[in-house]
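The following exercises concern a predicted model. Please study the sequence and the structure, attempt each task, and then read the worked solution.

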Amino acid sequence: LRTELHMLDIIYILGGVAIFGVFAVYVHGLRRI
Amino acid sequence: MNGQGWAEIVLTLAVTVALAWPLGIYMARVWQGQSTWLDPVLRPIERLVYGACGVEPEKGQSWIAYAMSFLAFSIASFVVLYLILRFQNLLPLNPQGFAGLSPDLSFNTAISFVTNTNWQSYVPEQIMSTFSQMAGLTSHNFLSAAAGIAVAAALARAFAANRSENLGDFWVDLTRISLYILLPFSLVIALAYVALGEPQTLLAHVTAHTLEGGKQTIALFPTASQEAIKQLGTNGGGIFNANSAHPFENPNPITNFIEIVSMNVLGYACAVAFGRIVLAKRDARALVAVMAIFVFAAAAVVYATETRPAPALVAAHADSSVNMEGKEVRFGAPSTAIWTAATTGASDGGVNAMHDSLMPLGGGVAMFMIQLGEIVPGGVGSGLYGIVVLALIAVFVAGLMVGRTPEYLGKKVESREIKYAMLAVLILPLSILGFSGVAAVLPVALKGLANPGAHGLSEILYAYSSATGNNGSAFAGLSANTPWWNATLGIAMLLGRFAYAIPVLAIAGSMAAKPKLGATAGTFPTDGPLFIGLLIGVILIMGGLQFFPALALGPIVEHFQALHAVAAAR
């Protein structure tokens, strides 16, 4: 599995998780309204 | 157009709405944790799931905890599904020996199924293993639909609550909705599909010997089970590239009828369940009426446009009374019309005809239905919370007219809820028009277009509308399996799902904390024709104002170009 894992995979997985992270921050930001 | 066609459209719509009533009553019991007739079988499984996952069903969550659980579930789903698709060559049930998907396609497809969009940038039967179809995609057809319905259930309980912080528990909702609603009804529908001729097998393919002596490889999959939840969960992603125009996915007019009904019935049923929980049955009836009016109007326009001679054929002096390009001769124009309205109004995205081949105005209507926000009747759960957001804006507008603080279903609507509502609805133009604008000038994006001019713009606009609206249908003509399209459409799907649902949960939290008020002489009635008209107006103005300029450059220009071509030929 390790040999098949491509650098692009890391970018796409981390990129996707990062977007979800932004949504988590957004949740807390909306409390201030 | 003829009476038989109109009867088919009206009958399909009437049966769908009629079935939504008993289903909505049952759904309300599931949302509230009440007993159902399936308890003897499913309650032990439910308890087992809670025990295994450490869920405490009685505890409840605030809106923030509910939203964070929704996000946590979706993150885990995204990563697991990405890995399944990427490494399907190392996993079992891959009789065709398919390689793993590329990184950008895995990203796009994982997000697509986690967000209940089911946009497919690939040809499923040529790339997707049986394991990926079943464990990866079909399981998410259930779970993503259940997650959407869970948010709607939380909103319903919020309107019913009186000074409370408790919206219920996301994990309980996810479990109960999957177990008590989606699984049993899908099972029954799947069995009906098998009886009606859809394949259900783990075989990879069969080889047919043709009359000319050649060989033809015909792909097979567990189609019936996928098809059932594909429509019931408003997922729409087909096992075959032709989707429900393929004879294995949709063999005959009876399966066609069941598919149309099942793709809309839970959307209407969510509104019925909402009304029962909030003790506002008449108000829920008004929401159902608005949904049904839009679906009928859209079906009528598509039926009218598709039963005229195609301008290109008229210009070529060919005999043509109905535009049959891209349509199944087994189903014809009226069935295409009601399906198109149902699938684009419902964020389903399954198709029984190619939307790219509809006349420009027909295609424009399909696009417009998506751009309204997938609320008529919308995706399962997401349709209800979307139309409630617009109902809040409608009563706010009415309140401004008469100078009173607006109320909706016994809750005062104040500036905070309207700010949340606007944050939700503005994400649609931001994503659709923003991405479309960039793609319309970027060479890397334009490489994927099959058509120049107005139709090309329609293809771009439709793709981002479909992704942001979590619809998933494609206009075709766009080669979307490239890093640019896979990445940006993936981001658009995430925005359409979570940047909309999170403010909705904030509204739910805010509403739950408010006292429940009784109606007074000054309360604007939200159950009559005046409110229905107002809500239709708000929906049209929001959709029309935001997207009309873009539509004018796409399908509307194309319509006049077609008329001009006919006039020139004469």
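**Exercise 1.** Determine whether B:Glu407 is buried or exposed, and describe the salt bridge that B:Glu407 forms with B:Lys412.

*Solution.*
Step 1. The relative accessibility of B:Glu407 is 11%. Buried means under 20%, so B:Glu407 counts as buried.
Step 2. B:Lys412 has a relative accessible area of 31% and is therefore partly exposed.
Step 3. In the salt bridge between B:Glu407 and B:Lys412, the closest N and O atoms are 3.7 Å apart. A buried residue, B:Glu407, is thus paired with a partly exposed one, B:Lys412.

**Exercise 2.** Locate the two partners of the salt bridge between B:Glu417 and B:Lys514, and state where each lies in chain B.

*Solution.*
Step 1. The closest N and O atoms of B:Glu417 and B:Lys514 are 2.9 Å apart.
Step 2. B:Glu417 belongs to helix 14 (residues 415–439) of chain B, while B:Lys514 lies in the loop between helix 17 (483–512) and helix 18 (529–569). The pair links distant parts of the chain, 97 residues apart.
Step 3. Both B:Glu417 and B:Lys514 are buried.

**Exercise 3.** Describe the surroundings of B:Arg176, beginning with its salt bridge to B:Glu46.

*Solution.*
Step 1. The side chains of B:Arg176 and B:Glu46 meet at 3.2 Å, N to O.
Step 2. B:Arg176 is in helix 6 (residues 170–195) of chain B and B:Glu46 is in helix 2 (residues 39–53) of chain B, so the salt bridge ties together parts that are 130 residues apart in sequence.
Step 3. B:Arg176 is buried at 3% relative accessibility, and B:Glu46 is buried at 2%.
Step 4. The two residues also belong to a network of salt bridges that links B:Asp39, B:Arg43, B:Glu46 and B:Arg176.
Step 5. In addition, B:Arg176 lies over the face of B:Tyr180, 4.6 Å from the ring centre.
Step 6. For context, a search of the whole structure gives 13 salt bridges over all chains.

**Exercise 4.** Classify the aromatic pair formed by B:Phe240 and B:Phe248, and then name the members of an aromatic cluster.

*Solution.*
Step 1. Over all chains, the structure holds 27 aromatic pairs. In the pair of B:Phe240 and B:Phe248, the ring centres are 5.8 Å apart and the planes stand at 70 degrees. Planes over 60 degrees apart count as edge-to-face, so this pair of B:Phe240 and B:Phe248 is edge-to-face.
Step 2. B:Phe240 is buried, with a relative accessible area of 1%, whereas B:Phe248 is partly exposed at 24%.
Step 3. One aromatic cluster includes A:Tyr12, A:Phe20 and A:Phe23 from chain A. Its members from chain B include B:Tyr66, B:Phe70, B:Trp171 and B:Phe498.

**Exercise 5.** Characterise chain A and identify the nonpolar surface patch to which A:Ile11 belongs.

*Solution.*
Step 1. Chain A has one helix and zero strands. Of its 33 residues, 27% count as buried.
Step 2. The accessible surface of chain A is about 2,300 Å², and 70% of this belongs to carbon and sulfur atoms.
Step 3. The patch is formed by A:Leu5, A:Met7, A:Leu8, A:Ile10, A:Ile11, A:Leu14 and B:Leu83, which together have about 630 Å² of accessible area.
Step 4. Helix 1 (residues 7–30) of chain A contributes the largest share of the patch, five residues. A:Ile11 is placed in this helix.

Conventions:
Residues numbered from 1 in each chain as written. Chains lettered and ligands numbered in written order. Predicted model: local features only at pLDDT ≥ 70, side-chain atom pairs only at ≥ 80, totals over all residues. Heavy atoms only, no water. Phe/Tyr/Trp six-rings, centres within 6.5 Å; stacked < 30°, edge-to-face > 60°. Buried < 20%, exposed > 50% of the residue type's maximum accessible area, 1.4 Å probe, protein only. Lys NZ or Arg CZ within 6 Å of the ring centre and 35° of its normal. Patch = residues over 30% accessible without salt bridge, like charges linked within 9 Å, V, L, I, M, F, W, Y side chains within 5 Å. Areas by Shrake-Rupley, 256 points an atom, 1.4 Å probe, with all protein chains shown as cover. Salt bridge = Lys/Arg side-chain N within 4 Å of Asp/Glu carboxyl O. Helix = DSSP H or I, 4+ residues; strand = E, 2+ residues; numbered from the N terminus.
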